[in-house]
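Here's a quick walk through the model, feature by feature. Have the viewer open and follow along.

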2 protein chains.
Amino acid sequence: MSYKAPLKDMLFDIQHLANIDQVAQIPGFEDAGFETAQAVLEECAKFNEGVLAPLNFEGDKNPSSWKDGVVTTTPGFKEAFRQYVEGGWQGLQHPTDFGGQGLPKTIGAACGEMLNSANMSFALCPLLSDGAIEALLTAGSDELKAVYLEKLVSGQWTGTMNLTEPQAGSDLAMVRSRAEPQPDGSYKVFGTKIFITYGEHDMAENIVHLVLARVAGAPEGVKGISLFVVPKFLVNQDGRLSARNDVHCVSIEHKLGIKASPTAVLQYGDHGGAVGYLVGEENRGLEYMFIMMNSARYAVGMQGIAIAERAYQKAVTFAKDRVQSRPVDGSIKASAPIIHHPDVKRMLMTMRAYTEGCRAMASSAAAAYDASHHHPDAGVRQQNQAFYEFMVPLVKGYSTEMSLEVTSLGVQVHGGMGFIEETGAAQYLRDAKILTIYEGTTAIQANDLVGRKTARDGGQTAKAIAGQIETTESELLQQGSADALAVARRLKAARQALLDVVEFVTANTKTNPNAVFAGSVPYLMLAGNVVAGWQMARSLLVAQEQLAQGVDAGFMKAKITTARFYADHLLTKAPGMRDSIVEGADSVTALALDAF
Amino acid sequence: MSYKAPLKDMLFDIQHLANIDQVAQIPGFEDAGFETAQAVLEECAKFNEGVLAPLNFEGDKNPSSWKDGVVTTTPGFKEAFRQYVEGGWQGLQHPTDFGGQGLPKTIGAACGEMLNSANMSFALCPLLSDGAIEALLTAGSDELKAVYLEKLVSGQWTGTMNLTEPQAGSDLAMVRSRAEPQPDGSYKVFGTKIFITYGEHDMAENIVHLVLARVAGAPEGVKGISLFVVPKFLVNQDGRLSARNDVHCVSIEHKLGIKASPTAVLQYGDHGGAVGYLVGEENRGLEYMFIMMNSARYAVGMQGIAIAERAYQKAVTFAKDRVQSRPVDGSIKASAPIIHHPDVKRMLMTMRAYTEGCRAMASSAAAAYDASHHHPDAGVRQQNQAFYEFMVPLVKGYSTEMSLEVTSLGVQVHGGMGFIEETGAAQYLRDAKILTIYEGTTAIQANDLVGRKTARDGGQTAKAIAGQIETTESELLQQGSADALAVARRLKAARQALLDVVEFVTANTKTNPNAVFAGSVPYLMLAGNVVAGWQMARSLLVAQEQLAQGVDAGFMKAKITTARFYADHLLTKAPGMRDSIVEGADSVTALALDAF
């Protein structure tokens, strides 16, 4: 089997870090306790291991192709998508009102990880549909909801996000696509959109594009952008498809990775104008788009964790199988599987610790999301909202940056074989590289962390999290095992480093923005490191307790070792990062432009 | 122009760090002073910028191909190789006795960097020829030298290294290819070799394979391996080519990168036996091969620097051109070239500091090589030999690992465009990934650093280098500028971290090898970081002095800023690495094998 879902680890996080039983006390989630989580995850694992994982390598070798405006996906994808729809997986977290299953993100996030481990190129199609669904749920009129939501939630139709244009990437103020109001209340949309994931494909009968464009006379910049629904096929009042709309795929990109996922250039309105429908109000498009983006950013973070997990599994399998050289301690008197070599263990442990740490971080963030949206108490909602929003740039930025290191180590474990494409390890590295770029680069996440998530509230949320970390430190000291004490020491130093940086950021964002933004990505990486390390420390406490109760000793011991490894080898980076951020800004910005 | 050789920086290192004028005092190098270096580098730049650099992207798009045993290289490669040979570039560092130019490595290394920046896939062919030449020079009989050396040094023929077999990668004890002695003194060679760079191609009229194989009855393991010359075409006594030898290319690999460089599977002896000639004595093959390997390891380190330089240049060009978003400090009231954004500067400075630091390290190592081989005083030779040998795993390991980070940042600077293959940034990342693997993985370099270079002499060489670093710290304190003082502080902390680790390594290699080898790669990365940072500190001192004398203010100021950046952002990692190595070994090796 090329992928086996890490159910034990996922369920450990869901139970002990995300506290699913608390989530299940929220009205609407009464049936979503631990047992439901277990049942759903097991079913999800079966589908992803059996159907999607085997198609992953094929997608790389035989990517989506374009001919005369038609995109043909990798052989097997269409049938797999049919099964995905049949299984009801698209609707997992969406409202039951529109045919979804209404499960909490605490469960859904783990399913998302599996989907992306199994086949990231495939998973992008549902991921974008999720975004379109969320935008319509939040801002769509009842009419738009009625026409589009059930079909999107079932997976019969898929969705896309159309932001980027050749001159407008991170800078959406530069969007030039335009929309002309029509007498019937619809609009005609014109323009070119690039980098549109699954902008054209053959897996669903209709594609619902959500498109940013300017209405004539709108203010300049981001405050003059509106959001439109532009379906590939127009929809009759009875819900049946009618005419082909004036949106056409003129090419797809030749990319480093996620090759099976078609990345389309879409041309709107070359034959009279594409029919579009305004979502919400004019000029509030960016606001709505951010709803999709925030959901998508968390999901991209999960992609990082997912691809790291798969790279780890492949590397472990190879390391147990490949025989080469004697162990340095003389414990085996002949060439041995390379997993016996300490440096191979170091690489595997690094991959493992990053992956488990980020999974733990994402799982606890998912629980906060559920509480922030559904908890009956407004105060609890608000508190969880602040926590979740602080987490989004960390889950997105840190989990994807670490996935580059993990997938690169995955190639390294394979030695020369890793460089040969037939081995499959290199694909994960190539696929992962998009994750630090799309849905906002790591720098864009870091801007968000600095501006909206730290400076705006004077570092209050960050300090509150540091306070929770300090509580965990006390618990570790109280627990008192050698591992707990060692982790406590590293966690304390890392937390103090983080607090210094938060102080630096809040003190200087307005007065010396260059200095703060010179360290914005390092701040994100530090915060992600500390929070993931904290979740590993919490995991260690749980594991010690479970071990004492005799529960699953093998798993719990491994968790303790992995948490210790995280502290010894990853949290130890924190003080140096602090120095670099707080004391190193000048040398980032001092070089004259013409000296580069 | 897609690549411009960084001549100023190279010549700065050659003049001030490698002290070329001292090298030119060594008998045989009298004509190889600064002016020669300048003239050779300028000529070399012209060739590489004009002829090889433009073929680099083409090589990726249109790689070498195999059909019926024949390998056809990328269009343009054959003609470019003809010009390379005509220019006499293959013989740059080889003895004048065999038609070479006999230049010092201090000059040759910079030329090697240019060649690899321009076209790494192309450069691999000459790189392997260099290895074959060195092995024959050291261990070949006069007859072998007479037949092969001039043709190899001129570039008329090319060379290869045949070590790897499917079961024997890092573990050469497992080599199974065999050689049967013939009555005429030659051998018949049988076996399969894989991963043979330029093992078959159409750029030269003959290919000289250096092949590891066992003679019947040889001892088991690495002490029973002999080295053979097996030419593709046999050579008559008059030097003309005769019959095709029984070595055939049965396939080439489909790889992540360096696609234009054919990686061959070679089959020896399927039609009666390939004619081979013993190099040196039987069973000493590995020893000779290490001569090639050591030369090749340094060269691969240069490849890391080379690809980092090219990725940096491409990223700078893009960052100056791509307009997106307003600067955070409000200095420009409209969307600006992204190089104005602090995080883009941070990425570019990181790329620059790594590249310049490793170039400085490699340049000073090259001067030590020259002195170790050619200085008239045996004591000076010995001292330089120890320094150079310590440097080889750092130049190879650290420069290639950093090249992964640098080329990945190169893609990141390009945003979404970086992920599109037509942009060309992704090629550098794909190409770079082989560098941490071939000619000994980073772990193999780290074994060498721990065993032969540190433990064997009780850390003496390492401590001597630390002593030199301390001298540089004193000079920085004496210099007294804010930059010098800041760098001195970071360098001191980093040196102390390194000394702690050296202590740990020497104390524990015998008694607790698992603990030491759990930290062997981090030790290599720490040592590389500190030594490169030290060379940047030396550069800062030179630049301050030159600046005071009014020499090239723009360049010198940039050097000072880059050295400061190195200290603030890279040397700051050292103390955390120390903690991880000295205190973190247990968590590397504690996990039970079946828990992975």
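## Cysteines

A disulfide here means a pair of cysteine sulfur atoms within 2.5 Å. This is a predicted model, and over all chains it holds 0 disulfides. Take Cys249(A): it is in no disulfide, and the nearest cysteine sulfur, which belongs to Cys125(A), is 14 Å away. Cys249(A) counts as buried because its relative accessibility is 3%, and buried means under 20%.

Chain B has a case of its own. Cys358(B) is in no disulfide either, with the nearest cysteine sulfur, that of Cys111(B), 19 Å away. At 0% relative accessibility, Cys358(B) is buried too.

## A covered strand in chain A

Strand β11 of chain A spans residues 263–268, and 6 of its 6 residues are buried. In a regular strand the side chains alternate between the two faces of the sheet. In β11(A), Thr263(A), Val265(A) and Gln267(A) point one way, while Ala264(A), Leu266(A) and Tyr268(A) point the other way. Both sets are buried.

Which strands pair with β11(A)? One of them is β5 of chain A (residues 187–197), which runs antiparallel to β11(A) and is joined to it by 5 bridges. Here Thr192(A) stands opposite Gln267(A). Strand β10 of chain A (residues 247–252) also pairs with β11(A) in the antiparallel sense, over 5 bridges. On that side, Ile252(A) has Ala264(A) as its bridge partner.

## Domains of chain A

Chain A is split into domain 1 (7–64 + 73–143), domain 2 (157–283) and domain 3 (443–590). The C-alpha centres of domain 1 and domain 3 of chain A sit 29 Å apart. Their contact draws on 7 residues from domain 1 and 10 residues from domain 3.

The size of an interface is often given as the accessible area lost when the parts come together. For domain 1 and domain 3 of chain A, that comes to about 720 Å², with 61% of it on carbon and sulfur atoms.

## Arg564(B) and its neighbours

Arg564(B) is part of helix α18 of chain B (residues 553–570). Is Arg564(B) buried or exposed? With 16% relative accessibility, Arg564(B) counts as buried.

The Arg564(B) side chain makes a polar contact with the side chain of Asp483(B) at 2.8 Å. Leaving aside residues up to four places away in sequence, Arg564(B) touches Ala482(B), Asp483(B), Ala486(B) and Val487(B), along with Glu583(A) and Ser587(A) from chain A.

## Loop residues

His341(A) sits in the loop between α9 (285–321) and α10 (342–374) of chain A, and at 15% relative accessibility it counts as buried. Not counting residues up to four places away in sequence, His341(A) touches Gln324(A), Ser325(A), Arg326(A), Pro327(A) and Ala336(A). The C-alpha atoms of His341(A) and Pro575(A) are separated by 30 Å, with their positions 234 residues apart along the chain counted as sequence separation.

Over in chain B, check the backbone angles. Most residues other than glycine have a negative phi. Asn19(B) has a positive phi, near 50°; Asn19(B) lies in the loop between α1 (7–17) and α2 (20–23) of chain B and is partly exposed at 27% relative accessibility. Asn283(B) also has a positive phi, near 70°. Asn283(B) is in the loop between β12 (274–279) and α9 (285–321) of chain B, and with a relative accessible area of 26% it is partly exposed.

Key. Residues are numbered from 1 along each chain as its sequence is written. Chains are lettered from A and ligands numbered from 1 in the order in which they are written. This is a predicted model: local features need pLDDT of at least 70, side-chain atom pairs count only at pLDDT 80 or more; totals for chains, interfaces and linings use all residues. Side-chain values use heavy atoms; hydrogens and water are left out. Buried means under 20% relative accessible area, exposed over 50%, partly exposed in between (1.4 Å probe, protein chains only). Helices (H or I, at least four residues) and strands (E, at least two) are DSSP runs, numbered from the N terminus. A polar contact is a pair of N or O atoms within 3.5 Å; within protein, one must be able to donate a hydrogen and the other to accept it, and residues adjacent in sequence count only if both atoms are side-chain atoms. Contact means heavy atoms within 4.5 Å. Two strands pair if DSSP finds at least two bridges between them. Domain bounds come from an automatic or database domain assignment. Buried area is the accessible area (1.4 Å probe) that two parts lose on being put together, summed over both.
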